[in-house]
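Biologist: Please take one part of this model and describe it closely. I would like to follow it strand by strand, with the criteria spelled out.

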Amino acid sequence: MTSSRAGSPDSQPAEQTTTAARPLSAHPPKISAERARKFGSWYYAEHALKVMNGYRWTLLAYSVGNPVMYLFAMGVGLATLVDSNSAESVFGGVSYLAFIAPALLSSATIMTAATEFTYPVMDGFKWRRVYYGPHASPLAVHQIVNGYIIAISLRLFLMSAVYFAIVAAFGASPSAWGSVAIVVAVVCGLSFGLPLMAYSASITEDKGQFALVMRFIVTPLFLFSGTFFPLETLPLGLRWIGWISPLWHGTELGRVLTYGYAEPLWLSAVHVLYLVALALLGWVLARRVYERRLGK
Amino acid sequence: MPNQTIPNYVISADRLSKHYGDFVAVDGISFDVPQGESFGLLGPNGAGKSTTMKMIGGVSQRTSGKLTIMGLDPEQHGPEVRAHLGVVPQQDNLDEELRVRDNLLVYGRYFGLPMSYLKPKADELLEFAQLTDKAKAKVDSLSGGMKRRLTIARSLINEPKILLLDEPTTGLDPQARHILWDRLFRLKESGVTLILTTHYMDEAEQLCDRLVVVDKGQIMAEGSPARLIREHSTREVLELRFGSERNTTVAADLAGIGERLEPLPDRVLIYTDDGEAALEQVTARGLHPITSLVRRSSLEDVFLRLTGRSLVD
């Protein structure tokens with residue numbers, strides 16, 4: 001993530017002219033306000049990325065190690081067993097590895113989103129009150145929200161790209177459309193993460209809510225969203241978990257893209273709409289909750 | 001764009017109020033601050049000082065009244081108003097995951113300031129805040145006083161003409177406070193308008209040209225520290241301690257000495273222009289306090305006089 005290092009002077013060419021003349025005099029407040037109105041979200045994203053840059057090796061190790069570990073365990077271990085014991089038709093005519101790879105990709109972004117949109121949000125409002133610094137600057141509240149989302153989206157994107165490259169190296173993405181699954185995975189992460197961001201921002205007392213979210217929402221979604229087996233193999237009474245789960249929608253879409261999994265076009269459209277709608281809803285709610293809480 | 005005329009006052013508040021539900025935090029206060037003045041809001045915790053600061057800082061909406069900063073209404077021109085200000089909040093909110101210098105750089109970016117300005121400026125401010133050798137340190141390794149100085153350095157990154165300081169030295173040891181006062185005094189000398197809240201009378205006396213005494217969301221008095229003391233107190237105060245049981249009972253025997261008598265649980269205060277003479281009168285009446293002290297009147301006495309309560313820590 002070194003490339004994302006915040007604020008290198010050439011990141012905004014428009015600013016160079018003002019600086020060359022008088023190096024140690026700040027531009028007038030009016031210009032600060034204009035720039036903040038235009039680029040405020042990016043400024044906050046820069047901040048968030050700079051913080052992440054401090055953990056770049058950890059993040060990189062996680063982004064590479066996690067997929068390698070999962071794909072190796074599932075693709076070499078479990079898949080050998082599953083492939084030799086099931087009819088080809090069970091997983092749509094592809095290997096078990098190809099079947100679970102899109103699911104692992106989407107669940108990785110959801111897991112990451114579940115971390116990035118919970119504790120750091122609480123940190124911003126309560127523990128270290130990081131939001132109150134930028135709040136007193138020319139930035140507007142919604143730009144703090146947007147900037148953080150931009151930074152996390154970038155993180156999800158890089159992570160998914162690494163994940164996908166490894167999946168492709170395992171030969172588990174035969175389709176030419178496979179790489180689009182990277183974008184789907186990012187949207188999938190946001191569709192779960194942004195509503196969670198709004199919820200996290202509404203919490204004033206930490207009573208272990210985030211642990212509950214992990215245990216009773218993230219884990220069941222991970223297990224019952226058609227991740228390791230097709231949703232249809234679940235009893236009808238449990239399938240609704242998949243239907244409401246962003247992970248299921250993201251995974252199914254990923255399967256269409258990576259190995260041409262056959263599903264009606266309208267269903268693919270539903271997946272896209274559902275994910276985008278959840279993300280948008282979360283975004284609007286998060287902005288509202290942030291405005292209310294910071295503006296007190 | 002808002003009108004571009006140069007305002008007479010950098011800050012102007014007219015019957016400014018803020019309610020939280022039924023609770024009235026700020027109750028119709030009015031004041032004007034000319035450029036370059038060091039203006040203080042003195043009052044106990046919960047008096048409405050911080051709420052007033054948040055409204056001036058353009059981060060909290062008022063319930064009623066008028067407020068302009070550099071001629072601009074912070075609710076209509078939030079980014080413009082905030083671009084004029086440097087803000088030192090009551091609680092430090094530095095990014096502890098970043099290093100000391102990076103905190104300044106990141107903050108400067110919020111003002112759209114380019115790195116070619118920010119890098120030398122950050123070094124200059126670190127020097128001003130006596131933190132040069134900590135530039136690469138993690139923020140959480142700093143002492144309370146250092147964090148405070150870093151917060152002040154951060155607030156200066158955009159070269160603001162108005163600096164808002166909410167309880168700048170609360171929680172610091174005396175030495176750290178004096179270092180901070182020295183830095184603030186230099187800023188004042190360079191022409192920066194300082195707006196500060198405090199519940200320390202010595203801080204108000206040291207730093208403020210003019211102040212308002214605030215209690216329960218209202219302004220009780222206004223003026224320079226010296227004028228407030230002159231108007232609301234006597235020149236000197238005689239403090240007598242007779243032991244915790246006797247302080248209130250002995251008050252009756254002291255009647256008539258000095259201009260005014262203030263019996264407190266731990267001591268009796270006699271307000272007079274000549275403390276030594278008053279002490280002689282006390283002993284002449286056959287009263288022998290355990291300790292006695294003659295001192296000059298302070299803002300604490302003004303506050304006690306105006307509100308009947310002391311500025312408790």
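Modeller: What follows deals with one sheet in chain B and the helix that packs on it. The model is predicted, so local features need pLDDT of at least 70 and side-chain atom pairs count only at pLDDT 80 or more, while totals for chains, interfaces and linings use all residues. Residues are numbered from 1 along each chain as its sequence is written, and chains are lettered from A and ligands numbered from 1 in the order in which they are written.

The sheet is open and has four strands, in the order β11-β12-β10-β13 of chain B, paired antiparallel. Strands (E, at least two residues) and helices (H or I, at least four) are DSSP runs numbered from the N terminus, and two strands pair if DSSP finds at least two bridges between them. The edges are β11 (260-263) and β13 (291-296) of chain B; each has a single partner strand, so one side of each lacks a neighbour in the sheet. On average, neighbouring strands are turned by 20 degrees against each other, direction ignored. Axes here are lines fitted to C-alpha atoms, for helices over the stretch in contact, and angles between N-to-C directions run from 0 to 180 degrees.

Edge strand β13(B) pairs with β10 (residues 236-241) of chain B over six antiparallel bridges. Within this pair, B:R296 of β13(B) stands opposite B:E236. Helix α10 (residues 275-284) of chain B packs on the sheet and touches β10, β12 (268-272) and β13 of chain B; contact means that the C-beta atoms of two residues, placed from the backbone, lie within 7 Å. The direction of α10(B) makes about 35 degrees with that of β10(B).
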